[in-house]
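Please open the model in your viewer and keep the selection panel at hand. The tour goes from the whole chain to single residues, and each stop says what to select and what is there.

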Amino acid sequence: MTTDTSPPPPAVKERPTGAGPAVTRLLMDNMRRNTRQYGMLFALGLIVLLFQIWTGGDLLLPRNVSNLVLQNSYILILAIGMMIVIIAGHIDLSVGSLTALVGAVSAVLMVEHRVAWPLAVGITLLLGAAAGALQGFLIAYIGIPSFIVTLAGMLLFRGLTEIFLQGQTLGPYPPGLQKVANGFLPEIGPVTNYHNLTLLLGLGLIAVVINQEVRQRRRQAEFDLTPLPRSLFVLKLVALAAAVAIVTLLLASYRGAPVVLLILAVLLGCFGYVMRNMVAGRHVYAIGGNLPAAKLSGVKDRKTTFAVFLNMGVLAALAGLVFAARFNAASPKAGVNFELEAIAAAFIGGASMSGGVGTVLGAIIGGLVLGVLNNGMNLVGIGTDWQQVIKGLALLAAVGFDVWNKRRAAV
């Protein structure tokens, strides 16, 4: 028996795998999972930059930023509800007419009958809930398609608006309600060059955003998911904090945050949490993504659909109150094409035609894309005819991108 006494071959040193390719792959995977949302954020930033240059810096003047929020508040409210409706696999064509009807009823109550505005607000919100519940019942329990029900609702609510107002514009609204739609948060503390309360709210929002991102990263670690590398995660936190800080400083440089912005922030926080973390939100995604599978899993699809349209009715009523109070009058022509703006905002913000896809934040991003387009084109003097063309192309591009993204994923 011979023993091999030859020296062992030299160890082959493996080339250390750099962190760069792994980080790149991780980043690309994250981008692919959030293609629509990141794409719309990039598009929003590009549009803002374009019009900021085109208008000679007028787009991001503090006064114009405040006007941008006030001018688009009711569309953003509608977009939140419409996004949830579309995620559930339905559509609502009646929201524009319902906002007009709510405005008409609120004007009759407050202007003609001198009802206290908080009570009138409560009554009109209940009216919106009843209208949404009626449509939800016909869709969920009777089985009539949502397109037909809400198309009928669009005609019905528009006719009732004409009946209530008798073809006349009715106003003015009480000062208290006007302040909700047009007012700003009060000033507190010492006199400075900025609105102190807005600065405090901005700092609080930065803290909330950072805390949420840190908690999400910890949850990913708990479930053995691969989080972003620490350097990229810190860069993400810095970018988010910088974005919030810039908007806060712009608002605080004028008159502070509008009251309606606070309402939008509450709606975004509440509905975002419901859709992301609660069973009710998971059920909405389930029935929109795969209704037969959702039924087999025990999801109460009728109850969920009914709740979705009831919620849409309440948000349409809130948008109607904000719109009427902003213009200090209820008009028979109010709410025209609001449903199309809300639907466009939802699809631009990442909703899918087939349902089951989308986020509440995406609806806000889509609404802001349309709002910045409208505001920027007005500032540079583009006519309403070309504005419609450009917004139509933007919607077509968003839906086309969704179709392309699905085909690419299927390959």
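Begin with a cartoon of the whole protein, which has 16 helices and zero strands, where helices (H or I, at least four residues) and strands (E, at least two) are DSSP runs numbered from the N terminus. This is a predicted model, in which local features need pLDDT of at least 70 and side-chain atom pairs count only at pLDDT 80 or more, while totals for chains, interfaces and linings use all residues. Residues are numbered from 1 along each chain as its sequence is written, and side-chain values use heavy atoms, with hydrogens and water left out.

Colour next by accessibility: of the 411 residues, 43% count as buried, buried being under 20% relative accessible area, exposed over 50% and partly exposed in between, with a 1.4 Å probe and protein chains only. Among contacts (heavy atoms within 4.5 Å) between residues at least 6 apart in sequence, 79% join residues at least 24 apart.

Now select I77 and L78, the residues that touch the most other members of the largest nonpolar core, which has 93 residues. Helix 3 (residues 62-87) gives the most to this core, with 16 residues. A nonpolar core here is a set of buried Ala, Val, Leu, Ile, Met, Phe, Trp, Tyr and Cys residues joined through side-chain atoms within 4.5 Å. Around L78, leaving aside neighbours within four places in sequence, show V95, T99, M312, L315, A316, A319, F338 and A342, with which L78 is in contact.

Move on to helix 4 (95-112), which is mostly covered, 17 of its 18 residues being buried. At 1.5 Å a residue, its 18 residues should span 26 Å, and its end C-alpha atoms are 25 Å apart, which agrees; the expected span is 1.5 Å times one less than the number of residues. Pick S97 in helix 4, which is buried with a relative accessible area of 3%. Apart from neighbours within four places in sequence, S97 is in contact with M154, F157, R158, T161, G335 and E339.

Add helix 5 (117-142) to the selection. How do the two helices pack? The axes of helix 4 and helix 5 come within 10 Å and cross at roughly 150°, the axes being lines fitted to C-alpha atoms over the stretch in contact, with angles from 0 to 180 degrees between N-to-C directions. The two helices are therefore roughly antiparallel to each other, a term for angles over 145 degrees, whereas those under 35 count as roughly parallel, 65 to 115 as roughly perpendicular and the rest as oblique. The contact is made by residues including L98, L101, V102 and V105 of helix 4 and W117, A120, I123 and T124 of helix 5.

Between these helices, centre on R114 in the connecting loop, where phi is positive at about 55° although R114 is not a glycine. R114 is exposed, with a relative accessible area of 69%. Most residues other than glycine have a negative phi, and most peptide bonds are trans.

Go then to the loop between helix 6 (146-165) and helix 7 (175-182), which holds P172. A cis peptide bond joins G171 and P172, with omega about 0°. In the loop between helix 6 and helix 7 also select Q166, whose phi is near 55°, a positive value in a residue other than glycine; at 68% relative accessibility, Q166 counts as exposed.

Finish at helix 11 (residues 279-289), where G281, V284, Y285, I287 and G288 are buried. What covers these buried residues includes helix 3, helix 10 (259-277), helix 12 (291-296) and helix 13 (301-327).
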